[in-house]
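Q: Could you walk me through this structure, slowly, with the terms spelled out as we go?

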There are 2 protein chains.
Amino acid sequence: MEQINNIQVVPCTSSNYLRPFRVHYNQNGTKKSWDFMQTHDSVSVLIFNTTSHCFILVKQFRPAVYMSEWERSKAKPLQPSEEESAEATPAEPKVPEEDKAGETSEGTSSHQPPASAGVTYELCAGLVDKPNLSLEEIARQEVLEECGYDVPVTKLRKITSYRSGVGVTGSKQTMFYAEVSDENRVGEGGGKPQEGELIEVVKVPLNEAMTFAFDESIPKTMGVIFSFIWFHSNMSPKYKISTNV
Amino acid sequence: MEQINNIQVVPCTSSNYLRPFRVHYNQNGTKKSWDFMQTHDSVSVLIFNTTSHCFILVKQFRPAVYMSEWERSKAKPLQPSEEESAEATPAEPKVPEEDKAGETSEGTSSHQPPASAGVTYELCAGLVDKPNLSLEEIARQEVLEECGYDVPVTKLRKITSYRSGVGVTGSKQTMFYAEVSDENRVGEGGGKPQEGELIEVVKVPLNEAMTFAFDESIPKTMGVIFSFIWFHSNMSPKYKISTNV
């Protein structure tokens, strides 16, 4: 689906998105320090379309996932199937030297993985970066912008909240559940192209959901897997979901 | 439980743990760039003790979570309950100026939250940073080091894998399930104090697990919630788990 090429990796000395801080503190009398990053909290929404009995997910190319896959592929011999499925132009990336620390020389290959290796399936989600809006209102906006469904705030049900990236960001994520119907569809979704977003809306039929969730060849977030299994535990027998996991 | 004080936050110009990179690339002909960080993949283990019918979790003070809670507390008026439960010495942290961008002046308070705000419940977990060991062997080591159970690799069952921090790190996490008994307990666990780890092993009884999972006042990772609900879906009726969620 995606054509990814001309990849160059450079050290990032100053970023508007990644801002590392160091905290010094005393824990039970012992001096410690820890490097962390400040990020926004976030919301995510499990969307279930009651007309088509499908879950609505988003799918997008994630550079961080792609680079992580590439790094992992260097550590093991190249598989023939990877070569066949390559969609992107093989090009040697410029990776800083320190980046190569810890790499095993045996079986190392810098072959570029296919673009699909960086495409992940995720719940509709967004950052909590508008101080005047409630979490529900932010979630509602994301459902509209990314997936094209206009769902009233009152139809958003909180599933739960939890801490993410506890070693690095420690931000709080809140997950909602929203039932929508084809009548709520007012647009195409797809995110904000002017902000560089290139999001594809995908439907996962209810009866394929658990197979999808546990198919490790489909890159996805834990939010997708957790919310599907939550639906199974909490929404059946209202909606039936097959479980052949 | 924890005494946290003398907190100082400084910008982090160079870190062995957080190394930001920038990737430039072409996506479908459009030039783009993205800031990301390289991290290791990780493993986590849902441990179930068949003798006591308890889940075995770890609990530790997470500076990143604590700082995130503190930041959030500045945006809303202080609640009396927070003041009463404060365990740590209230001290004004040195926060760089740019850190304060986007903060609302209304209701801002830099009151230090209690240390407990940074203590999270997590699955036993560890980084995949030993190239010669399999994921199962790394998981086994973590179960021994953090929780004190010696469990053979053959008893580790893979639950699934998924991508985490898709915007920033995109690393791959693999989750295992391990059944242990009191007979497998060979030590206290607690992590490696020489590496600064201060980990408490906690037991969550099976019949309290779902209430624990969805109690938002207990800070925890999504891995805990997901794995408990996975257990409920996959291990019952072998083991009964009450569900009053």
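A: Let me begin with a definition: on a 1 Å grid over the protein atoms alone, a cavity is a set of points where a 1.4 Å probe fits but cannot get out, a pocket is an open set with protein on both sides within 12 Å along at least five of seven lines, and lining residues have an atom within 4 Å of a point. Grid points are joined across faces, edges and corners, and a volume is the space filled by probe spheres set on the points. This is a predicted model, in which local features need pLDDT of at least 70 and side-chain atom pairs count only at pLDDT 80 or more, while totals for chains, interfaces and linings use all residues. Residues are numbered from 1 along each chain as its sequence is written, chains are lettered from A and ligands numbered from 1 in the order in which they are written, and side-chain values use heavy atoms, with hydrogens and water left out.

Q: Okay, how many cavities of 30 Å³ or more does the structure hold?
A: There are two cavities of 30 Å³ or more, and the second largest has a volume of about 30 Å³.

Q: Which residues line that second largest cavity?
A: Its lining is made of I4(A), I7(A), F61(A), P63(A), Y66(A), M67(A), V23(B) and Y25(B). Two or more of the lining residues come from each of β1 (4–11) and α1 (63–74) of chain A and β2 of chain B, where helices (H or I, at least four residues) and strands (E, at least two) are DSSP runs, numbered from the N terminus.

Q: And what classes are they?
A: The lining has eight nonpolar, no polar and no charged residues; Ala, Val, Leu, Ile, Met, Phe, Trp, Tyr, Cys and Pro count as nonpolar, Asp, Glu, Lys and Arg as charged, and the others, Gly among them, as polar.

Q: How about the second largest pocket, how much space lies in it?
A: About 500 Å³. It is lined by 21 residues, and those nearest its centre are T13(A), P20(A), C12(B), T13(B) and P20(B). By class, this lining has ten nonpolar, seven polar and four charged residues.

Q: Switching topic, how are chain A and chain B related?
A: A turn of 180° with a shift of 0.0 Å along the axis lays chain A on chain B with an RMSD of 0.0 Å, which is the relation of a two-fold axis. Copies are superposed by least squares on the C-alpha atoms of residues with pLDDT of at least 70 in both. Of the residues of chain A, F226(A) comes closest to the rotation axis, at 2.6 Å (C-alpha).

Q: What is the phi of N28(A) near?
A: It is near 50°, a positive value in a residue other than glycine. N28(A) is in the loop between β2 (20–27) and β3 (30–37) of chain A.

Q: Is N28(A) buried or exposed?
A: N28(A) is partly exposed, with a relative accessible area of 39%; buried means under 20%, exposed over 50%, and partly exposed in between (1.4 Å probe, protein chains only).

Q: Last one, where does the charged end of R185(A) sit?
A: It sits over the ring of Y149(A), 5.5 Å from the ring's centre, the rule being that NZ of Lys or CZ of Arg is within 6 Å of the ring centre and within 35 degrees of the ring normal.
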